Amino acid sequence: MSDTKIVTGKFSRTLKTTAIATKSGIKHLGYLGAKQFSSTPDQLLQNHEEEIGKVLFKGLSQMRGTALKASQLLSLEADLLPEGIRNELSKSCYQVPPINKALVRKIFIQEFGQEASKLYQEFSGSAFAAASLGQVHKGKLPSGEEVAIKVQYPGVRESIDSDLKILSFVLSSLSLTTNYLPRKDVISTTLDEIEICLKDEVDYQKEAKNTQWFKENLNVINIRIPEVYDDYTSSRILTTEFLSGHHIDEWLATNPTQRQRNFAGQTIFNAFLYSAFELKALHADPHLGNYLFLDSGEVALLDFGCVKYLSDSFPTDIASLINAILREDQQSVFTSYKALDLFSEELSYDDYKESLYPVLSPMQEWIASPYQSKIFDFSKLTSPITIEPNKHQQAVKYLHGLQRDQMYFDRSYFGIYQLLKKMGAVVSTDNPWLGRSNVSFH
């Protein structure tokens with residue numbers, strides 16, 4: 001990893017977003033020209049989407065902060081962006097160039113009044129990992145424990161509000177370079193939630209408390225959550241236990257056996273369900289870089305900056321919905337949708353059956369597919385169903401809105417599905433919440 005210059009300042013960041021939009025537009029014009037003479041239009045479109053994704057990733061990775069966090073979250077939005085773009089944006093999970101050593105030194109002096117080399121027994125000046133809001137260095141405490149030290153990028157807090165405004169511009173420009181028109185309600189809700197999430201994530205002391213809470217409460221076999229060292233943590237520096245392992249692509253490159261894939265996949269599946277339905281809390285930033293596969297066979301969960309504590313009623317309501325889908329009981333499905341406040345009060349069951357069910361049924365089938373039998377092979381999971389624009393317009397007039405709990409649950413739920421598919425894991429979907437037996441995950 002080599003140092004890179006961060007784009008700071010409102011004017012410079014605005015120029016960067018303009019450049020992203022311009023480059024995307026130029027590539028789109030080239031695609032339209034080549035399309036007329038191509039004998040392989042599907043491959044050409046896939047290549048075009050990947051090129052647009054590369055332009056976005058390069059520009060957003062220089063901006064960091066809100067812009068890069070949006071890149072991570074958008075990589076999970078299957079109904080917003082095509083796969084080629086999402087694949088490139090997913091690199092933001094853990095493939096971002098680090099800031100230079102002088103900036104790191106300055107931040108430590110501001111936070112602790114001394115350089116890192118004097119605070120720790122050992123401190124590596126070169127980052128070994130980088131995320132949207134900070135980069136991670138390896139070190140050793142005076143007491144001898146090996147630690148991971150996350151240092152927040154400068155200017156992140158100050159750029160949140162302005163970045164959200166210019167991000168709207170990027171997304172609007174992006175709609176001109178793909179066949180997918182981003183839905184305004186999804187964009188608005190996504191940006192709103194990014195703002196809430198970011199204002200939580202820039203406080204590393206709050207992340208430390210979240211991490212410790214999950215470590216104490218997520219009692220699922222083979223899940224590992226790092227220890228937090230409060231004496232070496234501030235609002236912009238977080239020190240935790242160092243865990244040695246592989247991110248998903250690195251792990252898959254080691255050619256794990258099917259048994260190892262299944263074992264890790266079962267761990268991830270169990271942890272998600274237990275978090276959502278038992279703890280009523282979500283690790284709400286489920287991008288691939290937050291999973292670490294350890295040599296012991298355990299799976300480590302990292303980065304608890306964005307945690308969603310669900311309302312008391314939501315887990316019960318969402319379980320009722322999924323169970324009704326499994327029973328193919330559309331009257332109960334309709335009742336559950338109403339309980340989740342997804343439909344307007346004026347919508348009748350007859351209108352739902354006539355106008356909405358034909359639109360929503362493919363997505364219902366996709367959601368329920370892993371629970372149709374007690375064992376499910378996620379390598380056979382199909383891609384999420386994208387609602388066609390004309391059908392979306394037909395349905396949207398009945399929708400009351402996208403509730404916050406629902407949005408976080410959907411993102412985490414779909415993110416877990418896609419991770420298990422990438423792993424090729426065969427998983428037991430037996431669980432005590434979604435129409436199956438009283439299996440214990442402890």
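# A guided tour, starting at helix 12

Begin by selecting the buried residues of helix 12: Phe314, Pro315, Asp317, Ile318, Ala319, Leu321, Ile322, Asn323, Ala324, Ile325 and Leu326. You are looking at a predicted model, so treat each stop as a look at that prediction.

**Stop 1: around helix 12**

Now widen the selection to residues 314-327, the full run of helix 12. How many of its 14 residues are buried? The count is 11, so this helix is mostly covered. What do those buried residues pack against? Show helix 11 (258-279), helix 13 (330-339), helix 14 (349-368) and helix 16 (404-423), and you will have the helices they pack against on screen.

Next, try a little check with your viewer's distance tool. At 1.5 Å a residue, the 14 residues of helix 12 should span 20 Å, and the C-alpha atoms at its two ends are indeed 20 Å apart, so expectation and model agree. Then step just past the helix to Glu328, which follows it and has a positive phi, near 60 degrees.

**Stop 2: the whole chain**

Zoom out to see everything. The chain has 16 helices and 13 strands. Of its 442 residues, 53% are buried. Switch on the surface if you like: the accessible surface comes to about 19,800 Å², and 50% of that belongs to carbon and sulfur atoms. Here is a figure about how the chain meets itself: among contacts between residues at least 6 apart in sequence, 71% join residues at least 24 apart.

**Stop 3: an open sheet**

Select strands 5, 10, 9 and 7. These 4 strands form an open sheet in the order 5-10-9-7, with mixed pairing. Which strands stand at the edges? They are strand 5 (223-224) and strand 7 (245-246); each has a single partner strand, so one side of each is left without a neighbour in the sheet. Strands of a sheet pair through backbone hydrogen bonds, either parallel or antiparallel. For a close look, pick strand 7 together with strand 9 (residues 291-294): they pair in the antiparallel sense over 2 bridges. Click on His246 and you can find its bridge partner, Phe293, in strand 9.

**Stop 4: rings in pairs**

The structure holds 32 aromatic pairs. One of them is Phe108 with Phe123, an edge-to-face pair with 5.3 Å from centre to centre and 75 degrees between the planes. Phe108 lies in helix 5 (residues 101-112) and Phe123 in strand 1 (residues 122-123), so the pair ties together parts that are 15 residues apart in sequence. Is Phe108 buried or exposed? Its relative accessibility is 0%, so Phe108 counts as buried. Phe123, at 22%, counts as partly exposed.

**Stop 5: lysines over rings**

Select Lys150 and Tyr204. Lys150 lies over the face of Tyr204, at 5.0 Å from the ring centre. Then move to Lys353 and Tyr357, where the lysine lies over the face of the tyrosine at 4.8 Å from the ring centre.

**Stop 6: back to helix 5**

Finish with Glu111, a residue of helix 5. Glu111 has a relative accessible area of 24%, so it is partly exposed. Which residues does Glu111 touch, leaving aside those up to four places away in sequence? Select Ser234, Ser235, Arg236 and Ile237 to see them. Draw a line from Glu111 to Ser235: the two are 124 residues apart in sequence, and their C-alpha atoms are 8.0 Å apart in space.

How values were computed. Residues numbered from 1 in each chain as written. Predicted model: local features only at pLDDT ≥ 70, side-chain atom pairs only at ≥ 80, totals over all residues. Heavy atoms only, no water. Buried < 20%, exposed > 50% of the residue type's maximum accessible area, 1.4 Å probe, protein only. Contact = heavy atoms within 4.5 Å. Areas by Shrake-Rupley, 256 points an atom, 1.4 Å probe, with all protein chains shown as cover. Pairing = 2+ DSSP bridges. Phe/Tyr/Trp six-rings, centres within 6.5 Å; stacked < 30°, edge-to-face > 60°. Lys NZ or Arg CZ within 6 Å of the ring centre and 35° of its normal. Expected span 1.5 Å × (residues − 1).
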